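Here are a few notes to go with the model you asked me to look over. Keep the viewer open and click along as you read.

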Amino acid sequence: MNFAFSEEQEELRKTVRAFLDAKSSEASVREQMDTEAGFDPAVWSQMGEQMGLQGLHIPEAYGGSGYGYVELGVVLEEMGRSLLCAPYFATVVLAANTLIHSGDEAAKKKYLPGIAAGETIATLAYTEPSGKWDESGITMQASGSGSAFTLSGTKMFVLDGHTANLIIVAAKTGKGTSLFAVDGNAAGLTRTALSTMDQTRKQAKLEFNNTPAELIGTEGAGWSVLSTVLDLAAVGLAAEQVGGAQKVLDMAVEYAKVRVQFGRPIGSFQAIKHKCADMLLEVESAKSAAYYGMWCASEMNDELASVASLAKAYCSEAYFHATAENIQIHGGIGFTWEHPAHLYFKRAKSSELLFGDPTYHRELLAQRIGI
């Protein structure tokens, strides 16, 4: 069993990194953070039409490239490294995965080609004002039958919910948790962009008032699909966190080499050496967890559930610690708005809480392995 990346995967990494260096510089990130949409439509189109990134792991039968989850993980890692402002995670990792695993052929044929081409921005709305990440948090009611349903209630913290053309919503029917497709401009839907700490990843509040919706998959079988998708999302987020953690480690080491204090580079001081060494250890360990999670996700094996929680808990803490230490090593300048250190710090904090914090995932891991 070889866990090294293949030549093709390394080539993909190189291509994506070159593209993001050109399109997601610090200046571009700051520019998009200040817009309401939170991304550049021209770059989004390029990602879909020229790079094929949105369709990377979507099966070829639905207009995608049919690659595995390891390739998707490589792309997410690079996006985390450059803090790409785009609805990629919401569209590809959340919505596309939900459709792929829904078992609904008609819905796949209807929606996946648009996502793969970069024409459709999609998201998944399942968390509510309670802030719970498990099934008990889903209380929104769906009424109707067959293909005609209406939804009423509120969804919170929906990634890119204010710009999505397609929203996949989890709601309760008489048979249990079910999944529904809602058009972004549907009647009775009110979308409000939320003010968030991490402005590089936009979130929205969605209010539904008898909003028409179309059932995806089997009524009542929504949570079995969602729990798989959330494991895949945890692995995808872990890959993204690893990319960001490696970037801030590089920033800290580079600064320690060039910043001179008391007539010598600060990297020569024992305390700074220890900080950098601890960061390196945590970042490399986080990579091991994320990469193993990517492999489990591409194989869709029995270990996915436990490894997803392990990777999410460890990578969240490693990334947040790395961003905090990066600020410390930079000293005074690391605390300023002008320096990019705070952008990674905020992304690390919001990612740590997304889909459940490390404590939640350690508890989940204990349950899953029967402790």
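1. One term before we start: two residues are in contact when they have heavy atoms within 4.5 Å of each other. Keep in mind, too, that this is a predicted model. Now find Met 294, which sits in helix α8 (residues 270-299). Leaving out residues up to four places away in sequence, Met 294 touches Phe 5, Tyr 69, Val 70, Gly 73, Val 74, Val 235 and Ala 239.

2. Is Met 294 buried or exposed? The cut-off for buried is under 20% relative accessible area. Met 294 has 1% relative accessibility, so it counts as buried. For a sense of distance, try Gln 203: 91 residues separate it from Met 294 in sequence, and the two C-alpha atoms are 25 Å apart in space.

3. Next, helix α6, which has 13 residues (105-117). How far should it span at 1.5 Å a residue? The expected figure is 18 Å, and the end C-alpha atoms are 18 Å apart, so the two agree. The helix has a bend, though: about 35 degrees at Tyr 111, with a proline, Pro 113, following within four residues.

4. Have a look at both ends of α6 as well. At its start, a side-chain oxygen of Asp 104 comes to within 3.2 Å of the backbone nitrogen of Ala 106. After the helix comes Gly 118, with a positive phi near 85 degrees.

5. What does α6 pack against? Its buried residues are Ala 107, Lys 108, Tyr 111, Leu 112, Gly 114, Ile 115 and Ala 116. Their partners include the helices α3 (41-49) and α5 (88-101), and also the strands β1 (122-125), β4 (166-173), β5 (176-183) and β7 (203-216).

6. While you're at β4, pick out Thr 173, which belongs to that strand. Thr 173 is buried, because its relative accessibility is 10% and the cut-off is under 20%. Its side chain makes a polar contact with the side chain of Ser 178, at 3.5 Å. Not counting residues up to four places away in sequence, Thr 173 also touches Ala 142, Phe 149, Phe 180 and Glu 219.

7. Helix α9 (residues 304-330) gets the same length check: its 27 residues reach 38 Å from first C-alpha to last, close to the 39 Å expected at 1.5 Å a residue. This helix is mostly covered, with 19 of its 27 residues buried. Just after α9, Gly 331 takes a positive phi of about 65 degrees.

8. Now for the empty space. The largest pocket holds about 250 Å³. Among the residues lining this pocket are Trp 133, Phe 157, Arg 201, Gln 203 and Leu 354. Which helix gives the most to the lining? That is α10 (residues 341-353), with three residues.

9. There are four cavities of 30 Å³ or more, and the largest has about 140 Å³ of space. Its lining has 14 residues, and the closest to its centre are Leu 84, Ala 86, Phe 89, Arg 201 and Arg 347. Two elements, α4 (69-82) and α5, each give two or more residues to that lining.

10. Arg 201 turned up in both linings, for the pocket and for the cavity. It is found in the loop between β6 (189-193) and β7. With a relative accessible area of 8%, Arg 201 is buried. Beyond its neighbours within four places in sequence, its contacts include Phe 89, Leu 159, Glu 240, Arg 347 and Ser 351.

Methods
Residues are numbered from 1 along each chain as its sequence is written. This is a predicted model: local features need pLDDT of at least 70, side-chain atom pairs count only at pLDDT 80 or more; totals for chains, interfaces and linings use all residues. Side-chain values use heavy atoms; hydrogens and water are left out. The expected span of a helix is 1.5 Å times one less than its number of residues. The bend at a residue is the angle between axes fitted to the seven residues ending there and the seven starting there. Buried means under 20% relative accessible area, exposed over 50%, partly exposed in between (1.4 Å probe, protein chains only). A polar contact is a pair of N or O atoms within 3.5 Å; within protein, one must be able to donate a hydrogen and the other to accept it, and residues adjacent in sequence count only if both atoms are side-chain atoms. On a 1 Å grid over the protein atoms alone, a cavity is a set of points where a 1.4 Å probe fits but cannot get out, and a pocket is an open set with protein on both sides within 12 Å along at least five of seven lines; lining residues have an atom within 4 Å of a point. Grid points are joined across faces, edges and corners, and a volume is the space filled by probe spheres set on the points.
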